[in-house]
Amino acid sequence: MPQTLRLCERSSEMQKLVKRVAGARRVVVVTGAGISVNCGIPDFRSSTGLFQQIQAAHSKVVSKGRDLFDASVVFRSEQAANVFYEWMTHLRHQCAGAQPGVVHQFIRELADRGMLLRSYTQNIDGLERKAGLAVWDPYRSKDSPQYVSWQQAQSVPLHGTMEHLYCQLCSSSFHFAEQPGDTALSAGDVCVDCMQRSETREALGRRSLPAGKLRPAVVLYQEPHPHSEDIAKIISHDTRALKSRRTSHDVILVFGTTLKVPGCRQLVKQLATASSQSTTILVNNEPVCGRVWDGIVDYQVIGCVDDWCSRIRRVWNSQTKITRWTATTKSATRKENKCDTLAVPQKALSRKRKAVDEDEPERKQQCVVPDLPARRSRRIAATRSHLDHYQQQQSPCPLSICT
């Protein structure tokens with residue numbers, strides 16, 4: 001069974017765990033609806049969540065709130081579908097007005113520090129994009145400036161987002177209106193592309209075609225995932241990355257989820273067992289892990305996810321202050337050493353220059369070089385004296401005897 005720690009307890013084990021996450025090299029984050037509750041977006045399964053609200057408001061339409069997110073139930077009748085469109089439009093307005101919370105900023109800081117390998121989210125609110133993360137969105141065209149390939153994506157929405165609508169008949173996608181009164185389309189509206197095709201046929205004298213209704217681009221229960229192959233490719237890539245590193249500095253963080261969705265449960269198991277050296281930590285307000293998670297989740301932290309992330313950020317801030325202080329101290333020490341090294345030679349050089357300047361006249365007098373004409377006259381006089389001495393030592397010429 002995973003080791004359970006309470007965030008309110010300041011134990012040495014908790015401090016070691018926080019430092020381990022703060023000093024990790026690579027981090028994979030898996031998030032649920034619990035991280036967006038403080039942003040004003042309700043979760044699904046709590047006593048005040050969406051399931052309870054829907055059941056209280058529409059008990060005659062659905063037997064339980066979960067049925068409104070079940071594809072096999074919600075599209076069975078037009079009344080249930082209209083209730084679904086109404087609630088999804090209301091939820092879209094809530095998501096559009098919400099701002100990223102502490103956990104979203106924490107994930108963004110992981111990315112800025114180069115520690116984030118990937119963030120997988122079950123949420124459909126789109127707050128990861130508002131936090132500045134590069135979000136993979138399969139409904140965006142490759143020609144769009146906001147398109148992000150899966151290789152460059154920092155966040156992967158597992159269940160889609162509320163930013164797009166698509167036609168249930170022709171699969172054309174449109175932008176979801178953010179606020180009431182927007183010119184954009186809303187859930188339950190008739191598909192524009194279907195209407196244009198039908199009008200074109202009628203103008204040619206042909207029979208009209210049926211028009212589909214728009215629904216949010218989110219994945220419901222009991223329906224196949226339209227992009228399951230792409231997501232499986234991303235998960236396989238990250239699993240191989242965790243296997244290849246073989247280091248104890250990799251961490252898998254699971255935030256704000258009860259792990260009751262089969263797909264998310266399988267994702268956590270696959271990432272946690274990719275490397276025996278990595279550490280898997282689950283943080284939630286309520287205990288989630290039992291014996292079934294033994295050998296998969298290493299630590300279960302009971303407490304607020306925002307407080308957990310704030311504690312890690314405080315460790316980062318303290319490390320940053322120490323790093324800055326160390327860098328400033330080293331820089332000042334190098335400057336002092338440089339000044340001490342250059343001070344003595346500079347003084348000695350100045351004294352030497354001063355002494356040379358003072359001795360310059362005397363040195364010039366001792367080393368006076370005569371001008372060129374005087375040197376030539378002395379050389380000519382010396383040559384003549386040598387010639388006179390030579391002539392005196394020679395015998396008289398024979399011709400002088402004969403005369």
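Two strands count as paired here if DSSP finds at least two bridges between them. Keep that in mind for the exercises below, which use a predicted model.

**Exercise 1.** Work out in which order the three strands of the open sheet lie, and which of them stand at the edges.

*Solution.*
- Step 1: Start with the order. The three strands follow one another as β6-β5-β7, in an open sheet with antiparallel pairing.
- Step 2: Look for single partners. Both β6 (173-175) and β7 (214-218) have a single partner strand, so they stand at the edges and one side of each lacks a neighbour in the sheet.
- Step 3: Add the twist. On average, neighbouring strands of this sheet are turned by 45 degrees against each other, direction ignored.

**Exercise 2.** Describe how β5 pairs with β6, and find the helix that lies across the sheet strands.

*Solution.*
- Step 1: Count the bridges. β5 (residues 160-167) pairs with β6 over three bridges, in the antiparallel sense.
- Step 2: Pick out a facing pair. Opposite Leu 165 you will find Phe 174 in β6.
- Step 3: Turn to the helix. α4 (residues 78-97) lies across β5, β6 and β7, and runs at about 55 degrees to β7.

**Exercise 3.** Decide whether Thr 31 is buried or exposed, and list what surrounds this residue.

*Solution.*
- Step 1: Locate the residue. Thr 31 belongs to strand β2 (residues 26-31).
- Step 2: Apply the cut-off. Buried means under 20% relative accessible area; Thr 31 has 0%, so this residue is buried.
- Step 3: Check the contacts. Beyond neighbours within four places in sequence, Thr 31 touches several residues, including Ile 107, Tyr 120, Glu 128 and Phe 255.
- Step 4: Find the polar partner. The side chains of Thr 31 and Thr 121 make a polar contact at 3.1 Å.

Key
Residues numbered from 1 in each chain as written. Predicted model: local features only at pLDDT ≥ 70, side-chain atom pairs only at ≥ 80, totals over all residues. Heavy atoms only, no water. Helix = DSSP H or I, 4+ residues; strand = E, 2+ residues; numbered from the N terminus. Axes fitted to C-alpha atoms, helices over the stretch in contact; angles between N-to-C directions. Contact = heavy atoms within 4.5 Å. Buried < 20%, exposed > 50% of the residue type's maximum accessible area, 1.4 Å probe, protein only. Polar contact = N/O pair within 3.5 Å; in protein donor to acceptor, adjacent residues only side chain to side chain.
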